[in-house]
Amino acid sequence: MQVEKMYIEADTLSTRINLHEKYSVNKYGFGNWIFDMYDFQPGMTVLEIGCGTASGWRKKNLPEKVEIILSDFSPLMLQKARDSLRGEAVFSFAQLDAQNIPYPNADFDAIIANHMLYHVPDKNKSLSEIRRVLKPGGRFFASTLGENSMKELGDIYQKLEGSATFSYAKNITFTLENGANLLGEFFCTVEKHEYVDSLEVTNIDDLIAYIKSYNDVPDSVEDELYRLVSEGFVGGVSKIRKEQGLFICK
């Protein structure tokens, strides 16, 4: 499914977030874990690129005088973010393209790009821009998926190849496996941290909705997709691996 359909024409992101929140085995939550990794200090200026609905910022304790700009390419996502954080003065919002960041050199203490660099057409241009607007000594946080994340769904998609087109984690262009090499072209140090988790889904309709949120599923394959997904439920539970983590760059 094209990025425009997932983030600009409709909010399919919330469907994916809801599945992970409902069925993840690690109940601490990826959003809480990643926020701990930020280790913000008082007075910092922060830019998030590709903030989506900004749900991960809700009810977070922030140090004094921190200023956070939440940005996204999609006006719809920005509106969702504004609605989510209405009344919280620490946040401001901006629509921007990650390949052309409209801020001065060395403007931010920290920059965040979570699960979004694989959507950027020219990653080198985007990372060059991120490096430019990051202060000396600042940190860049970039989270992404592993190649085998949601492999059980990928195995189903392979059986339907030729009848439909699906998105595979192994085919994304910025992963836990290749991310360090790409980031190392722009940053002196790159640390990789992995978050241990999996899914145990008990409602097949929730899983089908998740699949449809980022894949165009023709009517002609819906019945077969449903049958294949249902085969993965053993004792009423479908267990699905998750591979995700965070790069911290300086």
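**View 1. Ser 149 is buried, with a relative accessible area of 7%.** Buried means under 20% relative accessible area, exposed over 50% and partly exposed in between (1.4 Å probe, protein chains only). This and every other view come from a predicted model, in which local features need pLDDT of at least 70 and side-chain atom pairs count only at pLDDT 80 or more, while totals for chains, interfaces and linings use all residues. Residues are numbered from 1 along each chain as its sequence is written, and side-chain values use heavy atoms, with hydrogens and water left out. To find Ser 149, look in the loop between strand S5 and helix H6; helices (H or I, at least four residues) and strands (E, at least two) are DSSP runs numbered from the N terminus. Beyond residues up to four places away in sequence, Ser 149 touches Ala 169, Arg 241, Lys 242 and Glu 243, where a contact means heavy atoms within 4.5 Å. With Glu 243 there is also a polar link: a polar atom of the Ser 149 side chain lies 3.2 Å from the backbone nitrogen of Glu 243. A polar contact is a pair of N or O atoms within 3.5 Å; within protein, one must be able to donate a hydrogen and the other to accept it, and residues adjacent in sequence count only if both atoms are side-chain atoms.

**View 2. Leu 153 sits in helix H6, residues 151-159.** Is Leu 153 buried or exposed? At 2% relative accessibility, Leu 153 counts as buried. Setting aside neighbours within four places in sequence, the contacts of Leu 153 are Leu 207, Tyr 210, Ile 211, Tyr 214 and Ile 240. Leu 228 makes a nice landmark here: 75 residues separate Leu 153 from Leu 228 in sequence, and their C-alpha atoms are 9.5 Å apart in space.

**View 3. The largest nonpolar core brings together 29 residues.** Such a core is a set of buried Ala, Val, Leu, Ile, Met, Phe, Trp, Tyr and Cys residues joined through side-chain atoms within 4.5 Å. Which members touch the most others? They are Ile 49, Tyr 103, Ile 111, Leu 117 and Phe 140. Two or more residues each come from strand S1 (45-49), strand S4 (108-114), helix H5 (123-133), strand S5 (134-145), helix H7 (179-183) and strand S7 (238-249). With 4 residues, S5 gives the most to this core. Apart from it lies another core, of 25 residues, which includes Tyr 157, Phe 166, Ile 211 and Val 221.

**View 4. Phe 140 has contacts that reach many parts of the chain, including Leu 127, Leu 183 and Phe 247.** Leaving aside neighbours within four places in sequence, its other contacts include Ile 111, Ile 112, Ala 113, Leu 117 and Ile 130. Phe 187, Ile 248 and Cys 249 are among them too.

**View 5. Strand S5 pairs with S4 in the parallel sense and with S7 in the antiparallel sense.** Two strands pair if DSSP finds at least two bridges between them. S4 and S5 share 6 bridges, and Ile 111 stands opposite Phe 140 in S5. Going from S4 through H5 to S5, the chain makes a right-handed β-α-β crossover; right-handed means that, with the strands pointing away from the viewer, the path from the first strand over the helix to the second runs clockwise. S5 and S7 are also joined over 6 bridges, with Ala 142 opposite Phe 247 in S7. Since 9 of its 12 residues are buried, S5 is largely enclosed by the rest of the structure.

**View 6. Ser 74 lies in the loop between strand S2 (67-72) and H4.** Ser 74 is buried, at 1% relative accessible area. At the start of H4, a side-chain oxygen of Ser 74 comes to within 3.2 Å of the backbone nitrogen of Leu 76. The Ser 74 side chain also reaches the backbone nitrogen of Met 77, at 3.1 Å.

**View 7. Helix H4, residues 75-84, has Met 77, Leu 78, Ala 81 and Ser 84 buried.** They lie on the same side of H4 because they cover an arc of only 125° around the axis, the arc being that of the directions from the helix axis to the C-beta atoms. On either side of H4 in the chain come S2 and S3, and the β-α-β crossover from S2 through H4 to S3 is right-handed. S2 and S3 (residues 91-95) pair in the parallel sense over 5 bridges, and Asp 72 stands opposite Gln 95 in S3.

**View 8. Ala 54 has a positive phi of about 65° although it is not a glycine.** Ala 54 belongs to the loop between S1 and S2 and counts as buried at 2% relative accessibility. His 115, in the loop between S4 and H5, likewise has a positive phi, near 50°, in a residue other than glycine.
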